[in-house]
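I opened a fresh notebook page for a structure that is new to me. Here is what I looked up, step by step.

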Amino acid sequence: MNTEEHGVPESTATPSVDVLVVGAGFAGLCMAIKLRQAGMDSFLVIEKGEDIGGTWQENRYPGCACDIPSHLYCFSFDLNPDWNRMYAPQAEIWAYLKSCAERYGLMPHIRLKTALREAVWDEAAGVWHVAAGEGLRIKARVLISAIGALHVPRYPNFTGAERFAGPAFHSATWDASADLTGKNVAVIGTGASAIQFVPQIAPLAGKLLVFQRTPAWIVPKPDAEFSEKWKRRFRRVPGVMWGFRKLLFWQHEIRVLAFLGNKRMRKALEAIALRNLGKWIKDPKLREALTPKYALGCKRVLFSNDFYPTMTRPNVELVTERIAEVRERSIVTQDGAERPVDVLIYGTGFRVTEPMIGIRLVGRDGVEIHEAWRERMSAFLGVTVSGFPNFFILLGPNTGLGHNSVVLMIEAQVRYVMSCLKLMRKRGQTTMHLRRESQERFVAQMTQRMGRTVWQTGGCRSWYQDQRTGENVTLWPGSVVDYMRRTRAARANDYEA
Ligand code: N01
């Protein structure tokens, strides 16, 4: 195949690496660490951002924190006794990732401000021809996408939004220079991000309008600081830290039952959430407006101790009427009411089910990934795609979680990729290609398993679902233990000999 036909000029002078990893967030860094530990030093990590850290580098809105306990939201091979809180804030997680990059000697392998633009598979040479950033061209035998799913902001297309005269920004691109003091601030959305920053900005704003389309299930967050005594204990007796992590793991893992169809457990969690709502919201009208009308878990369950109290502040108004129009200095809702707005903040999430936005990935026979995924985005175990040899995805389709730490899934996937690389070496192959039947079998199983889950039957629309078919193509419909078992090692039968 002539790669020039597909846009990437061929050149013998093009530098090459064995493995190219795209993205330096949790997934990309984990992959890089494991490559280094295996002595496979011919790799490069390219990162579109100006620093490493992925979502924890990008999201810097006030109150940004993890809703999974820190001791579970870190690498199993690099536990951190020094977490300051049960649920670490963004800055601490970002610092942890940067310290990992230093500790494992990754920085010389990382090239920042270099976004992947195009990768074209060259069947004859068995390499990917890659174009990235401002003019980087590189050949890679193996291409690993660690770009994640939650990074391209989603903006609603409200009539007139472009005419808005004041500062307008998304939670993921927070404008720290925008002064909110005494201003009329409008927040669109009440998802995981908004419920974290709304309580932070409410005391600053003159008037805070929170536009809610669908209320979320919100349960209390058992947050607390770790005392020096506990940190010392974790440091001196690693077994204590391990034990604590295990406890957290099983506490979270068991919750999957509520999502997979166990009504009793779901009802128990709903009761906790409703009690939490009732505790803070005494006004029956406001309580009704904040009460979800779908089954818990259908959308991501949220954790917060301060969102409901914030909604009772005199300067905060929950607006449930749909937005009809955005004007230069106001928002008009469908009932005709017009509210003055100085600053507009979008907490409207990400384009999760539109994969690889802005990237052209051409596999075998010139087939582009968006074409291959025309009907459904899919990958075997969320990692490999038939038609795209030597290409691996971390946090790919059907591998997200709603109940446990996604870092566990990342580690399982990285282990799987490493086993693929070892299998190639063992077979003396330079190319690894997934059999179409393996992918089809996996997808059929995902669809069948999904049918019984709360994500399909819970009576909501969520970002987990493909907007066209309503199928959940984002989450793993099972336990983490099950996923770990299935990804322990690549099976030769799934790949062409
Ligand atoms: O985004 P979301 P997010 N008009 O998609 C609303 C992760 N995360 O950035 O529900 C009006 O959850 C939308 O309403 P509806 C986590 O995985 C993790 O908050 O679609 N409203 C919803 O309320 C999370 O799930 C942490 O009806 C509109 C909101 O905008 C994911 O990121 C912290 C609208 C979007 O909520 C995304 O969270 C933060 C419209 N046209 C985030 N369009 C951790 O702690 C959308 N909305 C690990």
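**Entry 1: the surroundings of Phe26.** I started with Phe26 and listed its contacts, leaving out residues up to four places away in sequence. Phe26 touches Trp56, Tyr73, Cys74, Phe75, Ile93, Tyr96, Leu97, Val407 and Ile410. A reminder to myself: this is a predicted model.

**Entry 2: the nonpolar cores.** Which residues touch the most other members of the largest nonpolar core? They are Phe26, my starting point, and Leu208, in a core of 121 residues. Helix α12, residues 406–427, gives this core its largest share, with 13 residues. I also found another core lying apart from it, made of 27 residues. Val17, Met377, Ala379 and Phe391 are among the members of that second core. A general thought I jotted down: in soluble globular proteins, nonpolar side chains tend to be buried together.

**Entry 3: counting the salt bridges.** Next I turned to charged side chains. How many salt bridges does the structure hold? The count is 27. Side chains of opposite charge can pair when their charged atoms come close. I picked out three pairs to look at.

**Entry 4: Glu288 and Lys293.** The side chains of these two residues form a salt bridge, at 3.6 Å from N to O. Is Lys293 buried or exposed? Lys293 counts as exposed because its relative accessibility is 57%, and the cut-off is over 50%. Glu288 has 46% relative accessibility, so it counts as partly exposed.

**Entry 5: Glu317 and Arg339.** Here the side chains meet in a salt bridge at 3.1 Å, N to O. This pair links distant parts of the chain, 22 residues apart. Glu317 sits in strand β12 (residues 316–319), while Arg339 belongs to strand β15 (residues 338–340). I then checked accessibility for both partners. Arg339 counts as buried because its relative accessibility is 17%, and buried means under 20%. Glu317, at 24%, counts as partly exposed.

**Entry 6: Glu325 and Arg327.** My last pair is a salt bridge between the side chains of Glu325 and Arg327, with 3.4 Å from N to O. Which residues join these two in one network? Through salt bridges that share partners, Arg163 and Glu338 are joined with Glu325 and Arg327. Glu325 is partly exposed, with a relative accessible area of 21%. Arg327 is partly exposed too, and its relative accessible area is 32%.

Terms used:
Residues numbered from 1 in each chain as written. Predicted model: local features only at pLDDT ≥ 70, side-chain atom pairs only at ≥ 80, totals over all residues. Heavy atoms only, no water. Salt bridge = Lys/Arg side-chain N within 4 Å of Asp/Glu carboxyl O. Buried < 20%, exposed > 50% of the residue type's maximum accessible area, 1.4 Å probe, protein only. Helix = DSSP H or I, 4+ residues; strand = E, 2+ residues; numbered from the N terminus. Core = buried A, V, L, I, M, F, W, Y, C linked by side-chain atoms within 4.5 Å. Contact = heavy atoms within 4.5 Å.
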